[in-house]
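Colleague: I am new to this structure and would like to learn how to read it. Could you walk me through some of its features?

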Amino acid sequence: MKARKRWFPPRASRTGQRPAGRAPGAAIPRNALVWILLSQFALLLPHLPQLPIWVVPVYLCTALWRGMVLRGQWSWPSRPLRLALILAGFAAVWFSFGSLLGLEPTVALLLTAFALKLLELQRRQDAYVLIFLGYFIAVTVFLFNQDLLLVLYMVGCLWLLTSALVALHRPGEDRFNWRSGRLPAIMLLQAVPVMLVLFFVFPRIGPLWSVPLKTQAATTGVSDHMKPGDVASLSQSDAVAFRVQFAGEIPPRGELYWRGLVFSVLEEGAWRSLRYQEIPPREWRLAQKNGAGSALDYQVLMEATQQHWLYALRYPQPLDPGVMAMGDYRLYSPVEVEERFRYRVRSWPELPLDPVLSDWRRETELRLPEQGNPRTRALARELRLGAESDGDFVQRVLDYYRNGPFVYTLQPGVLGDDPIDEFLFQRQRGFCEHYASAFVIMMRAAGVPARVVAGYQGGEINPVNRTVIVHQFDAHAWAEVWLAGQGWVRVDPTAVVSPERVTLGLEEALAEEGSFLAESPLSPLRYRGIDWINSLRLRYDALTYRWQSWVVGFDSEQQLNLLQRLFGEVRARDLALLLLGSAALVLAPAAWWLLRGGRPRRLPEERLYQRLCRRLARRGLERHPGEAPGHFAERVAAERPELAAAVRRATAIYSALVYAPQQPPGERGERLRELRRAIGQL
Amino acid sequence: MHQHQALIDRAVEEVGRVLLGKQTQVRLALCCLFSGGHLLIEDLPGMGKTTLSHALADVLGLSWKRVQFTSDLLPADILGVSVYDPKDASFSFHPGPVFTQLLLADEINRTTPRTQSALLEAMAENQVTVEGETRPLPQPFFVIATQNPLHQSGTYPLPESQLDRFMMRLQLGYPDPRAERQLFEQHRLQGNTQSRAPLRQCMDSAQLLAVREAIGGVHCADALLDYLQRLVARSRAGGEFAVGLSPRGALALLDAARTWAYLAGRQHVVPEDLQAVLPAVTGHRLVPGHEYAGDGDALAALLLQTVDPVRG
């Protein structure tokens with residue numbers, strides 16, 4: 001007959017190992033454990049883009065370990081091992097990010113702790129910690145991304161977490177059960193009205209402390225300097241830079257020059273903007289609008305750039321506070337754009353910029369380095385001599401581009417010491433930066449004030465909601481020339497070389513080269529030719545725009561507007577008080593009942609005994625969860641003979657007080673005092 | 001201290017004379033009998049199971065009978081049978097060995113379930129029903145059963161329902177080297193005679209009943225019942241347990257803890273008493289879940305480790 005069961009007393013090592021120093025409490029049903037593991041994994045996924053990849057194996061290992069403990073095959077990690085794991089987690093985060101501060105490292109730490117906590121997941125209390133940590137982690141996902149699909153996904157995570165929480169309170173469910181997710185789903189649905197009310201009514205309070213939100217991710221898009229010839233090949237991204245909603249008709253694509261930065265200074269071969277201290281104070285801000293013309297109203301929803309500059313069409317006037325118009329007709333945000341930012345602008349595209357040029361500005365926009373690019377300067381002077389006016393000169397330079405064998409390419413190669421000479425006379429291949437830079441240098445060499453403007457050109461018009469989507473690959477640079485009587489005139493030399501770039505977009509301009517988005521084979525933008533994919537993409541983008549402006553961008557101002565429209569005059573403070581007051585009215589009695597009435601009141605001797613345990617724990621003598629007071633006292637006596645008398649005495653008094661028949665009040669009080677004295681001796 | 005303390009101490013000491021180095025098991029066995037429970041002793045052959053049961057019977061001054069259970073034993077062999085008496089032309093009942101104060105059921109798992117279950121009514125209700133007539137058993141009535149480990153050949157494992165009627169299950173285990181040496185030396189002195197030193201009787205049935213009555217007065221505080229309740233709840237909630245503690249098991253635990261406290265000279269139960277008897281009382285009642293590697297004893301140890309006697 002085969003052995004059916006082991007009958008010898010088990011070795012103490014397997015089941016007899018005490019989980020060191022853990023508080024007692026209810027066990028975690030197996031069903032809840034599976035829900036917890038599922039929700040942890042689900043929460044890990046959206047964080048992957050900003051996490052080092054080792055977090056995944058760490059999570060899988062801890063989950064495996066926890067599973068083996070559940071099956072009784074492995075034991076809990078010892079305290080030193082857990083400590084070592086924590087330190088290893090810190091070290092790994094430090095090695096991955098080079099720092100423990102900042103958004104990504106702290107989130108990585110949080111998720112590492114989230115995974116490691118599995119190794120302590122013994123009692124219900126531990127599960128509470130883990131689940132509420134999970135809710136918090138669900139929130140942190142939105143620090144990185146507020147995409148609509150992600151929000152739907154996180155609702156799923158919320159359901160998983162809540163299911164874990166509910167399953168935790170159903171003892172005896174020792175088998176995973178999908179159906180136990182039904183009640184949490186109903187609960188979440190029931191919470192929707194509350195969520196909506198809170199969304200519309202809860203005061204949007206500014207942060208109480210500022211969190212360094214700046215992520216370590218490299219910023220893409222337009223940078224604050226430009227050095228043509230430095231970049232052998234321009235990389236493109238299909239990320240959205242901003243979306244624009246026009247109040248009226250959308251201007252033709254060739255007119256959509258989104259000005260972001262004005263490069264007035266050429267230093268060491270690189271263009272840069274004027275620095276704050278280089279500008280005389282009267283030139284800082286934009287002068288009052290002069291003249292009249294047709295205005296163009298639009299609203300820009302900009303993605304985070306971690307930079308100050310904003311994008312607008314010609315002659316912009318911000319309609320929102322917090323956006324400044326600078327002396328060179330561009331918009332500026334005093335704080336870095338750390339999250340999606342919306343601003344309304346009114347532009348006068350027909351008005352002249354700076355009809356009268358100040359001496360300082362003329363001097364600044366004419367300045368060239370002493371040396372460098374001699375052939376370019378010579379060519380400029382020669383062309384100027386043959387021209388009748390500055391305007392004619394501009395045409396001649398453009399003609400020079402038009403007639404030469406210039407090619408528009410994103411892979412121009414690196415240029416040498418006199419990059420513009422090399423570009424104009426030898427290579428004759430380049431992209432917008434090269435053309436704009438060479439053009440401005442020729443203008444300045446011939447005494448015509450000129451500057452480079454960087455920003456975006458064009459954009460994709462989404463027919464679904466009539467927005468213009470400007471992608472990162474629409475980044476562009478062009479020139480502005482000051483002509484007497486006309487002010488600053490936009491000249492785009494690239495358009496001369498490659499007219500498709502401006503009228504049709506980058507894709508058509510590069511049709512021959514085939515390098516459009518060559519680095520992102522999966523980008524949906526590459527499949528614009530396929531009708532239904534394109535239509536799906538544009539529809540989703542329209543939905544995203546709506547989502548961004550109505551839900552993500554629902555700020556205190558919009559809230560106030562809405563509430564005032566509904567209820568008349570409302571002040572934010574009244575609203576806050578009303579909310580807090582009603583919440584307190586409902587929650588305070590519930591909390592009181594839960595905290596006081598829900599659990600038996602602790603007797604004084606029990607409190608005193610806890611004090612004794614705390615004091616001994618501070619000396620490294622911790623009572624194990626199942627250890628009866630008498631046994632504990634004997635262990636203490638064996639380990640620390642000097643404490644033996646006091647601990648034995650205190651334990652004996654405590655034990656008699658709790659377990660012996662009730663004594664008359666006077667005697668009981670006397671015994672309690674004795675107990676207090678005995679504990680005091682420790 | 002109470003009036004029975006000397007009596008009890010002497011009994012423990014006396015049984016300890018034949019079962020060397022097994023203080024705890026001897027105390028537990030006495031605790032079981034004082035609580036009025038039946039005792040199951042499980043171990044390999046030759047570990048002193050029968051010695052212990054004989055010693056207990058001698059010391060407590062109980063009338064005892066012994067039945068060696070075999071595979072062909074029938075219920076009538078235990079309970080008794082009516083025999084036709086031609087003299088007065090009627091049936092007269094010949095009581096079986098069960099009509100005694102202490103029944104030693106040796107190797108109970110060698111017999112068939114049918115015979116095993118014949119003991120059921122006797123153990124649960126202190127009476128037997130033979131041929132439609134119910135007859136009470138003498139008072140007190142104890143069963144001390146011994147069984148071989150289940151993996152030995154030719155055994156019929158006791159069903160859970162029957163295991164549950166035993167208040168405690170004890171395992172004796174090998175004696176420690178010192179006790180074993182002492183055993184050898186005693187044996188050398190006595191030579192190879194089969195007779196063993198007779199044990200002194202320490203109490204009679206009346207005293208035994210008095211002790212049991214006194215144990216009924218041992219105080220159980222609310223805090224202790226709380227602890228018991230937490231233990232029971234834990235055994236029903238955890239995934240490690242396929243079967244938790246029944247109310248009968250919990251009551252047995254409480255009764256045994258009371259007796260244990262009384263044996264220690266206390267008039268109230270403390271958690272240490274409960275912990276002392278818990279492995280013996282619950283080890284054979286707890287059934288591990290199919291994914292748990294340990295057995296019932298491991299589960300009892302798990303209960304002790306995870307349920308805090310101190311209210312937190």
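Modeller: Happily; we will take chain A, the cores, one helix, a helix pair and a few backbone details in turn.

Modeller: This is a predicted model, in which local features need pLDDT of at least 70 and side-chain atom pairs count only at pLDDT 80 or more, while totals for chains, interfaces and linings use all residues. Residues are numbered from 1 along each chain as its sequence is written, and chains are lettered from A and ligands numbered from 1 in the order in which they are written.

Colleague: How many helices and strands are there in chain A?

Modeller: Helices (H or I, at least four residues) and strands (E, at least two) are DSSP runs, numbered from the N terminus. Chain A has 23 helices and 17 strands.

Colleague: And what percentage of the residues in chain A is buried?

Modeller: A residue is buried if 20 or more other C-beta atoms lie within 10 Å of its own, exposed if 12 or fewer, and partly exposed in between, with C-beta atoms placed from the backbone. Of the 682 residues in chain A, 32% are buried.

Colleague: Which residues have the most contacts inside the largest nonpolar core?

Modeller: Such a core is a set of buried Ala, Val, Leu, Ile, Met, Phe, Trp, Tyr and Cys residues joined through C-beta atoms within 7 Å. The largest one has 107 residues, and those with the most contacts inside it include B:Ala29, B:Leu39 and B:Val277. Helix 10 (residues 247-263) of chain B gives this core its largest share, 10 residues. A second, separate core has 78 residues, among them A:Leu266 and A:Tyr343.

Colleague: What does B:Val277 touch?

Modeller: Two residues are in contact if their C-beta atoms, placed from the backbone, lie within 7 Å. Leaving aside residues up to four places away in sequence, B:Val277 touches B:Leu28, B:Cys31, B:Leu253, B:Ala256, B:Ala257 and B:Trp260.

Colleague: Is helix 2 of chain B mostly covered or mostly uncovered?

Modeller: Mostly covered, as 10 of the 12 residues of helix 2 of chain B are buried. Among them are B:Leu28, B:Ala29 and B:Cys31. After helix 2 of chain B comes B:Gly36, with a positive phi near 80°.

Colleague: How should I read a pair of helices?

Modeller: Two packed helices are described by the angle between their axes and the distance between the axes. Here, axes are lines fitted to C-alpha atoms, for helices over the stretch in contact, and angles run from 0 to 180 degrees between N-to-C directions. Helix 21 (residues 629-639) and helix 22 (residues 641-659) of chain A have axes that come within 8 Å and cross at roughly 170°. The two helices are therefore roughly antiparallel (over 145 degrees) to each other. Their contact includes A:Ala633 and A:Val636 of helix 21, with A:Leu643 and A:Val647 of helix 22.

Colleague: Where does A:Tyr315 lie, and is A:Tyr315 buried or exposed?

Modeller: A:Tyr315 lies in the loop between strand 6 (296-302) and strand 7 (316-318) of chain A. A:Tyr315 counts as buried because 25 C-beta neighbours are inside 10 Å. Phi of A:Tyr315 is positive, near 45°, in a residue other than glycine.

Colleague: Is B:Ala89 buried or exposed?

Modeller: B:Ala89 is exposed, with 7 other C-beta atoms within 10 Å. B:Ala89 has a positive phi of about 50°, although it is not a glycine.

Colleague: Which residues does the cis peptide bond join?

Modeller: The bond joins B:Gln139 and B:Pro140, with omega about -15°. B:Pro140 sits in the loop between strand 7 (133-136) and strand 8 (142-147) of chain B.

Technical notes
Parallel < 35°, antiparallel > 145°, perpendicular 65-115°, else oblique.
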